[in-house]
Amino acid sequence: MIRNIKLYFSFLVASLKRMMEYRVDCIVGMVSQIAFQIIELVFIWIIFQTTDNIADWSFEHLLLLYGVMMLSISVTDLLFDSTYDIGKRLIRKGKFDTILLRPVHPLISVLGESETSTALGYMILSVILIVSMLIKLQVSVTLFLILKILYFGILGGFIIGGIQTIFSITGFWTYKSNEVVWSVFQLHKLAEYPIEIYNKFIRILITIILPFAFASYYPTLDYLGLNESNLIFIVPLIVIVIWIIAINVWNWALKKYRSTGS
Amino acid sequence: MAIIEVKNLVKKYKISEKEHGIIGYIKHLFHPKYKEHIAVNNISFSIEEGELVGYIGENGAGKSTTIKMLTGLLTPTSGNVVVNGIIPNEERIKNNKQIGAVLGQKTQLWWDLPVIESFELIKKMYEIPNEQYEKNLKKFTEILDLEDLLDKQVKNLSLGQKMRCEIAATFLHNPKVVYLDEPTIGLDILVKENIRKFIKDINKERKTTVILTTHDLKDIEEVCDRIILIDKGTIIYDGDKENFKNIYGKHTMIEFIVKNKNVNITLETSEEEFEVIDESDKNIKIKFNHDKFTVMDIVKLISNYCEILDIHIQEEGLEEILKEIYRGEIIDD
Amino acid sequence: MISKILAIAKQNGKEGLYYRFDLLLYIFNFIVEITVYIFIWLAIYNNGNQIQGMTFEQITTYYILVVSLSPIINWGINEIMGNAIREGEILRELLNPISYFNYYFGIRIGELIESTIVGVLTFGICSILFGVLLPNGILNFLFFIIIVFLAVIVVYFFELLIGMTAFYTNSIWGVEIFKRAVLSIFSGMIAPITLFPEFLQKIANFLPFKDCIYTPINIYFGELTNMEILQVIMKQYIWIVVLYIIAKIIFNKAIKNITVNGG
């Protein structure tokens, strides 16, 4: 286990080095990610021209929630970005065979190939949003709060990354860039807004079935001191459960893949 | 005990039969039809430690499927593979530590990184002790002439440079068994020779078992002692390389340098199992079955027509023999 | 010439059909997007707010139409062209026995069939899920379709223009972002333009993109008089001519540069 984690980081460092080779693409990716998010922020800003709250969340609250989600996404992007196109990048070209021949679990190799230029964009934006909104909302920014934000940001990244990894196995059969993963990932948008606005079905979807809300909504409640249900404490548990499922699903897919070949 | 033991190995594929168009697609969705294809049909062999085995056969004969099962990439439909006491398919990662593999053009190196960094990652992956790593690196650098390549990015290397690095990467962790699938494809002669020499050296020094599949039979002639020939999923020959030639290589080529030739020998002779391949005023090339004729027979025959200045005798090479086997000219008995 | 365009269109539509599975996923993505919008607006209406005289049903229909129209209006020739220019493909494409603009317009028309299917399916599924208002009369619906088709042409030339920046810059992505930002804000994709602050409304009125999403939806609701609709159509024709001329001039100049300097 320790050995695997160490190797994962060695691979990741290699990926980051590789990313540095394409500095211009990196900056473009970063800037464009920020731009995309700003379009979304313009939307929020426009709706607040007509109202002063959404389900009792003010403009500042909403931006804070948005920033918290961005932080989780940036972690996902940085650490687990490489699963969505395994079909096209690895399986179809047979490159996956070389990964299977390594003395490491293939999931470690695949996840270690994560290289994303958008992560930095998300991160910058999330830091700006979180810090400025906390100040505006007059929440006292203590060291403890900062550590908490980092802690839940990383765990949130693991939640979303785990969900992506589970669905990434479809790449073993589609041989293409995996729109399934992308679609599932898109569901995180639902958790960029307070879950009070949704009906029961969507609430269950983003808290129990695909617990995106634990990467944004519940931590935000906690930072705002509104955490009445203490649901925040099950976040580490959720991470563990999701990753156990992810690893098992992957092992199952590997077994299938090896009995049919490519 | 043999290092590789293969018993009654079978691999069947299901191939889905799809009709064209949307209607066919929908039909397939509800009522899938499959055709069974037997890629490897009940093969058995065992390989001793330190052997250099050439695994040959035409495209689609089942070579890659076998290699994939030996490496644990593919689960056999039935039968057993044991490599150094490990069933590759069941203990894949453990098996991976003791083997090395080159799979054609698929690189195990990191494309955008300098070669040396890929080596460092491999060192970490295989947990190669420092001392061994340094020693191997130094040695491989010398034999494969990698000195100037180590700091270059893999993507900037030529095909030959890349393969040299690839080979080095494969042997860094002192694997017990190495599978080389088409390691010389597309390379120029000097690089090919370099790689062949490397394989032979390492084999001699460490008793590394090597299984080589290739289209270039010169690789096999120069590197391997043993040949396993597979055709349509079954092994049709397994044994010594020289013996293989004796059994299947029924022809000898003989070339005469002559003068004062005044007749066309092609027209004069009409023997079976005797063929004039090339003829000019100064030169005659003949291919004959050495079961039927001796070299002396041919020399006598030719001396009837002209004065012989020089003779070259050439045994049939692997390549020609295989061509004849594939064409069905040699019937197995 | 039309037949050539149609031939290319047919070929492309056929290829596209093989991506049915992706198609469903696209629709799924649109539904996710719209779900967010609709629930946010629902929360706002639940506060008892009245938004610029729009009812909740109208705003729901507005967003359903936005997500259904967006695959039809947007295409992405700028990216295709950008890559072709960057990789030198464009020289081969210039050898086609049909002009570059027409060639890609043909492909666009073929793709339009597919994206229309996506759009209609999205509309159908969303109207079942969320409920939708029907168009205000057949005539308005016909005008709606005409204006959307003209919008497709306007956006096509706009994307061509954007794509041509690849002659001068390597940043295909950056330009793509710029395009999306402009389109999604000023066409009214993110919200009805009447809700915008004054200065944004002024910019939107000046640009052609408002008539690609916002105006047709308002025609669908029956908010415009026939006279106003005719004015919109005239405006679109003018924009098409203007954009075409600009694109042609830049393209010819750039091609001359390439063929003279050898890329």
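A salt bridge is a side-chain nitrogen of Lys or Arg within 4 Å of a carboxyl oxygen of Asp or Glu. The exercises below concern a predicted model.

**Exercise 1. Salt bridges between chains A and B**

Determine which residue of chain A forms a salt bridge with Lys106(B), and check the pair against the cut-off.

Solution.
- Step 1. The partner of Lys106(B) is Asp97(A).
- Step 2. The closest N and O atoms of the two residues are 3.7 Å apart.
- Step 3. The cut-off is 4 Å; the pair therefore qualifies, since its closest N and O atoms are 3.7 Å apart and a salt bridge requires them within 4 Å.
- Step 4. In total, four salt bridges are counted between chain A and chain B.
- Step 5. The two chains also have ten residue pairs in polar contact, with both residues at pLDDT 80 or more.
- Step 6. On the side of chain A that touches chain B, α1 (2-21), α5 (95-100) and α13 (235-260) each supply at least two residues.
- Step 7. The element giving the most to this side is α1(A), with eight residues.

**Exercise 2. The extent of the A–B interface**

State how many residues are in contact and how much area is buried between chain A and chain B.

Solution.
- Step 1. Contacts link 26 residues of chain A with 30 residues of chain B.
- Step 2. The size of an interface is often given as the accessible area lost when the parts come together.
- Step 3. For chain A and chain B, the buried area is about 2600 Å², of which 57% lies on carbon and sulfur atoms.
- Step 4. Within chain A, the residues losing the most area to chain B are Leu101(A), Pro103(A) and Arg258(A), which together account for 28% of what that side buries.

**Exercise 3. A nonpolar patch on chain A**

Identify the helix that gives the most to the nonpolar patch, and classify Leu147(A) as buried, partly exposed or exposed.

Solution.
- Step 1. The patch covers about 730 Å² of surface, and its residues include Val127(A), Ile135(A), Leu143(A) and Leu147(A).
- Step 2. Both α7 (118-136) and α8 (143-168) of chain A supply at least two of its residues.
- Step 3. The helix giving the most is α8(A), with four residues.
- Step 4. Leu147(A) lies in helix α8 of chain A.
- Step 5. Leu147(A) is partly exposed, because its relative accessible area is 48%, and that class lies between 20% and 50%.

**Exercise 4. The make-up of chain C**

Describe the secondary structure and burial of chain C.

Solution.
- Step 1. Chain C contains eleven helices and zero strands.
- Step 2. Of its 263 residues, 55% are buried.
- Step 3. Chain C exposes about 12300 Å², and carbon and sulfur atoms supply 66% of this area.

Terms used
Residues are numbered from 1 along each chain as its sequence is written. Chains are lettered from A and ligands numbered from 1 in the order in which they are written. This is a predicted model: local features need pLDDT of at least 70, side-chain atom pairs count only at pLDDT 80 or more; totals for chains, interfaces and linings use all residues. Side-chain values use heavy atoms; hydrogens and water are left out. Patches are made of residues with over 30% relative accessible area and no salt bridge: like charges are joined within 9 Å, nonpolar side chains (Val, Leu, Ile, Met, Phe, Trp, Tyr) within 5 Å. Accessible areas come from the Shrake-Rupley method with a 1.4 Å probe; for residues, only the protein chains shown count as cover. Buried means under 20% relative accessible area, exposed over 50%, partly exposed in between (1.4 Å probe, protein chains only). Contact means heavy atoms within 4.5 Å. Buried area is the accessible area (1.4 Å probe) that two parts lose on being put together, summed over both. A polar contact is a pair of N or O atoms within 3.5 Å; within protein, one must be able to donate a hydrogen and the other to accept it, and residues adjacent in sequence count only if both atoms are side-chain atoms.
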